[in-house]
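Can you walk me through this structure? I'm new to this, so plain words please.

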Amino acid sequence: MEYDVVIVGAGPAGLSAAIRLKQLAKQHKREVTVCVIEKGAVVGAHNLAGAVLEPRALNELLPDWKNLGAPLITQVKEDRFMFFTKNKAMKLPTPPSMHNGENYVISLGSFCRWLSEQAESLGVEIYAGFAAAEVLYRDGVVYGIATGDTGVSKAGAHTDRYQAGMELHAKQTIFSEGCHGSLTKTLFKKFDLRKGVCAQTYGIGIKELWEVAPEKHQSGLVMHSVGWPLDNQTYGGSFMYHLEGNQVAVGFVVGLDYSNPHLSPFNEFQRFKTHPAIRETFKGGRRIAYGARALSEGGFQSIPKLTFPGGMLVGDTAGFLNVSKIKGIHTAMKSAMVAAEATFDHLSVGVIEPEISDYRARLENSWLWQELRLTRNIRPAFRWGLIAGMAHAAFDTYVLRGRGLWTLRHHADHEMLKDIKKCLPISYPKPDNKITFDRTSSIFLSNIQHDADQPVHLQLRDKSIPIAVNLTKYGAPEQNYCPAGVYEIVRDADGHNPALLINAQNCIHCKTCDIKDPTQNIDWAVPEGGSGPNYPNM
């Protein structure tokens with residue numbers, strides 16, 4: 001199938017790029033064919049974020065969004081920024097970047113489904129349930145993608161439902177896969193896109209959606225916390241957002257540069273909910289949904305080269321999240337809009353050169369670039385610990401206003417784990433199945449679907465490493481950092497001969513294993529299209 005532009009991923013970035021391309025085509029009375037490919041069973045099935053939306057980019061893209069029925073229902077009414085100890089909560093001044101007065105608490109899945117409707121009304125073709133599995137090259141130039149085959153057994157044989165993947169050819173391919181995209185990471189290697197920039201650093205965000213008692217619901221309340229249950233050296237914190245309909249989104253983010261192999265982000269989240277200032281909100285409530293996703297935290301100094309012959313990167317796959325705001329939807333959308341404008345101009349003039357090299361220059365002249373540049377030193381300063389990091393953030397924000405003459409650097413997350421013998425064990429309380437839960441019951445709420453006989457999409461580059469290195473030196477940290485119980489060390493009846501069991505059917509596509517594995521031995525690739533979680537309104 002031939003198109004002018006193929007877009008990989010129907011998140012806020014990919015859909016914004018598609019909409020902007022069609023708007024420009026209509027404005028200039030030109031025909032531009034645009035296709036969006038999405039691995040989730042439906043648009044929104046794999047979209048997960050907190051989420052508070054700053055509507056700045058949306059106002060530019062679709063100024064009439066209210067009349068178009070955008071699912072922005074709950075405007076923020078109150079901000080709270082808290083510091084927790086084990087039993088106490090102290091309210092701190094809300095940093096300027098975290099003021100949310102004009103913002104909305106939303107479901108990212110619902111928002112993306114609405115964006116897809118706007119895109120389709122403009123003539124964009126959207127194919128959900130098709131996983132982009134391969135980048136296509138011709139003479140070193142990207143000319144599209146191929147979707148994965150379906151109906152292949154674990155043994156590699158064609159079953160009775162076998163269907164070959166299809167090739168989608170394009171003059172330009174826009175990659176908007178979200179954090180740590182499986183195709184994007186191959187582009188980084190082929191075109192050396194990370195040369196000269198900091199390593200990307202990541203967080204794992206774990207989220208639950210609850211229906212709480214009406215008397216405990218405060219529509220429009222946005223609360224963030226730092227401190228307990230994490231120690232002073234581990235970056236992270238919580239969010240709790242009150243939506244409409246007595247629903248509350250609660251979640252926890254842990255920076256994946258943590259050093260203690262015993263640490264379990266999932267269990268830290270469950271423990272967080274036992275705090276006296278939090279537990280009361282959920283007493284008598286009902287947990288509706290659960291999910292997790294990695295997020296790019298590197299910011300300005302980790303932005304890679306964004307273009308290559310035949311394509312470009314947009315959104316969180318390029319790392320445009322603003323950590324100081326705890327927001328990335330508006331920046332993802334803006335990067336995609338700028339990419340669309342550069343692409344449309346490129347196609348309009350019939351440029352033979354396949355690389356749209358002015359995309360970055362256009363970004364540098366946008367509010368997005370300035371926003372990320374001014375907050376570039378907030379996240380990396382937390383390597384000095386929570387108190388020092390907060391002090392530096394206050395100095396950088398209120399005194400320097402982001403205009404310091406230096407730029408702090410990041411480190412690769414997988415290099416940060418210490419030998420387990422040098423780390424203190426962490427004792428986590430057993431779940432009470434009222435406020436806190438285990439992973440098995442949690443992933444049930446993710447509505448995961450993986451055909452049991454499809455090839456395992458989590459591959460080990462060296463099958464000896466999980467035992468020889470990860471278990472021996474780090475105590476098998478994959479058992480702890482995975483929020484879905486995918487990785488398990490099993491032994492024989494006598495407790496000997498340990499082996500790594502990969503429960504790929506549990507995978508909720510968060511990508512944490514591909515990021516945090518200390519030997520970079522795990523390769524996350526897309527399973528069959530339509531596989532994975534089916535989040536209703538996360």
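Here come a few questions and answers about it.

This is a predicted model, where local features need pLDDT of at least 70, side-chain atom pairs count only at pLDDT 80 or more, and totals for chains, interfaces and linings use all residues. Residues are numbered from 1 along each chain as its sequence is written, and side-chain values use heavy atoms, with hydrogens and water left out.

Me: Is H275 buried or exposed?
Reply: H275 lies in the loop between helix 5 (265-272) and helix 6 (276-282). Helices here are DSSP runs (H or I, at least four residues), strands are runs of E (at least two), and both are numbered from the N terminus. Buried means under 20% relative accessible area, exposed over 50%, partly exposed in between (1.4 Å probe, protein chains only). H275 has 1% relative accessibility, so H275 is buried.

Me: And V399, buried or exposed?
Reply: V399 sits in helix 10 (residues 386-399). Its relative accessibility is 56%, so V399 is exposed.

Me: How many residues of strand 13 are buried?
Reply: Strand 13 covers residues 167-175 and is largely enclosed by the rest of the structure. Of its 9 residues, the buried ones number 7.

Me: Which residue in strand 13 is the bridge partner of Y3?
Reply: Strand 1 (residues 2-8) and strand 13 pair in the parallel sense over 6 bridges; pairing takes at least two bridges found by DSSP. In strand 13, the partner of Y3 is A170.

Me: In which sense do strand 10 and strand 13 pair?
Reply: Strand 10 takes in residues 141-147, and 3 bridges link it to strand 13. One pair has G144 opposite H169. The sense of this pairing is antiparallel.
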